[in-house]
Amino acid sequence: MFGLGKKDVTLFLIVAVMALFAPFILNPFPTDSGLAQFNAGYPDLMQRFVIFGILAIGFNILFGLTGYLSFGHAAFLGVGSYAAVWMFKLLSMNVLPAIVLSMVVSGLFAVVIGYVSLRRSGIYFSILTLAFAQMSYNLAYSVLTPVTNGETGLQITLDDPRVLGQSATADGGIPVTNLFGLEMRSFETLDIGPWAFQFSVGYYVAAVIMLISFYLAIRIFRSPFGMTLRAIRSNQNRLYYTGLNARPYTLAAFVISGMYAGLAGGLLACMDPLAGAERMQWTASGEVVLMTILGGAGTLIGPVLGAGFIKYFENIFSKINDQVVHGWVSFLPDGLEDFVVALIHPFVGKGWHLTLGLMFMLIVIFLPGGLVEGGQRIARRLRRRPAEEPAKSASTEPAE
Amino acid sequence: MDAIILQILNGLDKGSAYALIALGLTLIFGTLGVVNFAHGALFMIGAFCAVTLNRLLTLSHQVVDETRTDFLGNPLKVDIPYVQDLFGEAAGATIIDWSVPLAILFSIPVMIVIGVVMERGLIKHFYKRPHADQILVTFGLAIVLQEIIKQLFGANPIPTPAPEVFRGSLDFGVMLGFDPNAIIYPYWRLVYFAFAAIIIGAVFAFLQFTTFGMVVRAGMADRETVGLLGINIDRRFTIMFGLAAAVAGLAGVMYAPINSPNYHMGMDFLVLSFVVVVVGGMGSLPGAVLAGFLLGILESFASMNEIKAILPGIDQIIIYLVAIIILLTRPRGLMGRKGVMED
């Protein structure tokens, strides 16, 4: 079906169902219960799940397949955001042209950066991409202020031309981003018993785009092109000896993954028409790497899982403060309660970065394959068949 | 002319910091073959060693001073540091004043212990893993160290003053025959440069003129053969890791008066130091030092107003631009050796 294998269709359908029913799945706790703070089913967070999912899927096409570790992917995210906001300023508030332009601009950007950076591999490639990203970041803050609006960030204003739309709404407000009239920020609330489910237009637009991106990524993974990229990862020299020039393939992979990042940046701007240089900072690039590794580089579903995981913890963990922890452990005697709270305190609230760093280290140390490998290990443990053991250990070794 | 000399001097202190961090990074890479993204965090921990020592020395107890009164008319309570009780008032005040140079002594054992624990506890398990894994795990470690420091010391920069005698500025221009006030240079930056030069010289002398250094150099060239000769090269490399951590820490200690330490200063320096290492040539110690000073001085030249008028924004990107040009024209960096990280 759709040119996919049977397994891929199942995977795609699972992801599609998860994405479409996310407002239910991510909202398992009733609104007024104590656990409601663990709900992730509100539009803002769900949008970030799928948008960063797109970013990680794109990054995985480069890193997971070719093994080139780019430390400058945030540059494309930032460029995409700027392009989209300029489209809102100049053309109209429709998101479609904005998304298209953000992909085109970031694609062109990726051609230039990729053409230069891909002359080197390994750590040199990482440093070159990092250098380009930092350059873009610094320039966006200083000289390019007329384009990027410097530290304030690029915003839409009332006196923008918007030649195909209107500069201001009838009542004098700034128009909102829409898809042929469907406003991105509007949402419906469905109340079932104690639960309140929110269905946001922005989320569904982003989710559909994510599904298209995911489908394309599956096709790339299964295509001869994807096979060549894997060959580059395992041994580039042999590829040269067979008479294939690897660089056009890596460049293509780089540009594709840059366009994915630009698309994600454009979508971020569609949900909230604002673009700032901090999206290009190298910590943002590090975050993408983190998501991909956490989920499982080189696997199809891994990056999406990783993106969801990190964004969920970023939101939920940083909301937990001392009062909340006190509430959880109030059944303990007083002294012990304070002790436990003091113990948990550094890891939640403002300290969630510490948790993230620790989690990241543990995953790299014990689970180099990410969450996907963890899942596979658990699955294997559950249906342990002694006969299968030797065959498995032989197949997972890298071919070096 | 005086402007040029001033810019060279301005570049020296940043260049010294780059050179010291890059030296440590290269030592680790050259010996253990590990790309250490946590090196910036070691620099930052060094700076916080200075802060810690300063705080330890100023630990004080309150004493009621009957001769003076506060604004309410009550006897004034005065904080007296314990150091002053121990060494007398004048000597105690001097010790507190000199807390940053004293922190050098304090930080060396601390940094060596941190380095050795890091190597034995974590990095050891990553020798056979791909470089990407090494980058990632040390990146994670850098985040963790940074967050721990943030929890302990807060997110704001902590001013850590240099000793009183070094607080002024030197009118360097007068010495060279220029007008007074043409070239003004703070004493502490001169001290920093001299300090960096001594440390770099010491590291090179250590590697060049001691038996230990000779074995380490042999191990860098061919680890396996040295191991086959019956030398425990792993232990020596562990010590080198501790030493590299100490170099980064010392760079941080002495940098504390120039820039008030904050928890993310390590990350700010790390990115640039990596660029420095790559420009100098992966695995080349002289290359790292040369590139460090070169890029530091270039950066300060690019921030001259005359140059910014011609090429706006050049001061923000000069280092990266130079790095890109050098990597494309000299793929091994300025002084890189053949066969290092060529894959």
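Two residues are taken to be in contact if their C-beta atoms, placed from the backbone, lie within 7 Å. By that criterion, in this predicted model, 32 residues of chain A are in contact with 30 residues of chain B. On the chain A side of this meeting, at least two residues each come from helix H6 (122-141), helix H12 (282-295) and helix H16 (352-366). The biggest share belongs to H6(A), which gives eleven residues, the most of any contributor to the side of chain A that touches chain B. Sorted by character, the residues on that side of chain A are 22 nonpolar, eight polar and two charged.

A handy residue for looking at the meeting of the chains from the other side is Gln151(B), found in helix H6 of chain B, residues 131-153. Leaving out residues up to four places away in sequence, Gln151(B) touches Pro346(A) and Gly351(A). Gln151(B) counts as partly exposed because 16 C-beta neighbours lie inside 10 Å, whereas a buried residue needs 20 or more. Within its own chain, Gln151(B) is 102 residues from Val253(B) in sequence, and the two C-alpha atoms are 20 Å apart in space.

We can turn next to the interior. The largest nonpolar core has 222 residues. The residues with the most contacts inside this core come from chain A, with Ile54(A), Leu55(A), Ala264(A) and Leu267(A), and from chain B, with Leu23(B), Val247(B) and Val275(B). One of these, Leu23(B), is in contact with Ile200(B), Val203(B), Val247(B), Leu285(B), Ala288(B) and Val289(B), once neighbours within four places in sequence are set aside.

Two of the partners of Leu23(B), namely Val203(B) and Val247(B), also appear where two helices of chain B pack together. These are helix H8 (residues 187-209) and helix H11 (residues 233-255), whose axes are 11 Å apart and make an angle of about 170 degrees. Angles over 145 degrees count as roughly antiparallel, so H8(B) and H11(B) are roughly antiparallel to each other. From H8(B), the residues Tyr192(B), Phe195(B), Ile199(B) and Val203(B) meet Val247(B), Leu250(B) and Met254(B) of H11(B). The residues of this contact divide into seven nonpolar, no polar and no charged.

A helix pair in chain A offers another arrangement to follow. Helix H3 (residues 43-66) and helix H13 (residues 302-317) of chain A have axes that come within 8 Å and cross at roughly 140 degrees. H3(A) and H13(A) are therefore oblique to each other, and H3(A) passes H13(A) in a right-handed crossing. The H3(A) residues taking part include Leu45(A), Arg48(A), Phe52(A), Leu55(A) and Phe59(A), while those of H13(A) include Pro303(A), Val304(A), Ala307(A), Lys311(A) and Asn315(A). The residues of this contact divide into ten nonpolar, five polar and two charged.

Three individual residues help to fill in the picture. Phe76(A) lies in helix H4 of chain A, residues 74-90, and counts as buried because it has 38 C-beta neighbours inside 10 Å. Not counting residues up to four places away in sequence, Phe76(A) touches Ser106(A), Phe109(A), Ala110(A), Gly258(A), Ala261(A), Gly262(A) and Gly265(A). Phe76(A) and Val255(A) are 179 residues apart in sequence, yet their C-alpha atoms are 10 Å apart in space.

In helix H17 of chain A, residues 370-382, the residue to note is Leu371(A). Leu371(A) is buried, with 20 other C-beta atoms within 10 Å. Its contacts beyond four places in sequence are Leu294(A), Gly295(A), Gly296(A), Gly302(A), Leu305(A), Gly306(A) and Phe309(A). One of these partners, Gly306(A), is also among the H13(A) residues that meet H3(A). The C-alpha atoms of Leu371(A) and Phe331(A), 40 residues apart along the chain, are separated by 34 Å.

Met111(B), finally, lies in helix H5 of chain B, residues 99-121. Met111(B) counts as buried because it has 27 C-beta neighbours inside 10 Å. Apart from neighbours within four places in sequence, Met111(B) is in contact with Leu42(B), Gly46(B), Ala245(B), Ala246(B) and Gly249(B). Leu243(B) is 132 residues from Met111(B) along the chain, and their C-alpha atoms are separated by 8.1 Å.

How values were computed: Residues are numbered from 1 along each chain as its sequence is written. Chains are lettered from A and ligands numbered from 1 in the order in which they are written. This is a predicted model: local features need pLDDT of at least 70, side-chain atom pairs count only at pLDDT 80 or more; totals for chains, interfaces and linings use all residues. A nonpolar core is a set of buried Ala, Val, Leu, Ile, Met, Phe, Trp, Tyr and Cys residues joined through C-beta atoms within 7 Å. A residue is buried if 20 or more other C-beta atoms lie within 10 Å of its own, exposed if 12 or fewer, and partly exposed in between; C-beta atoms are placed from the backbone. Axes are lines fitted to C-alpha atoms, for helices over the stretch in contact, and angles run from 0 to 180 degrees between N-to-C directions. Helices (H or I, at least four residues) and strands (E, at least two) are DSSP runs, numbered from the N terminus. Angles under 35 degrees count as roughly parallel, over 145 as roughly antiparallel, 65 to 115 as roughly perpendicular and the rest as oblique. A crossing is left-handed if the near helix is turned anticlockwise from the far one by less than a right angle, and right-handed if clockwise. Ala, Val, Leu, Ile, Met, Phe, Trp, Tyr, Cys and Pro count as nonpolar, Asp, Glu, Lys and Arg as charged, and the others, Gly among them, as polar.
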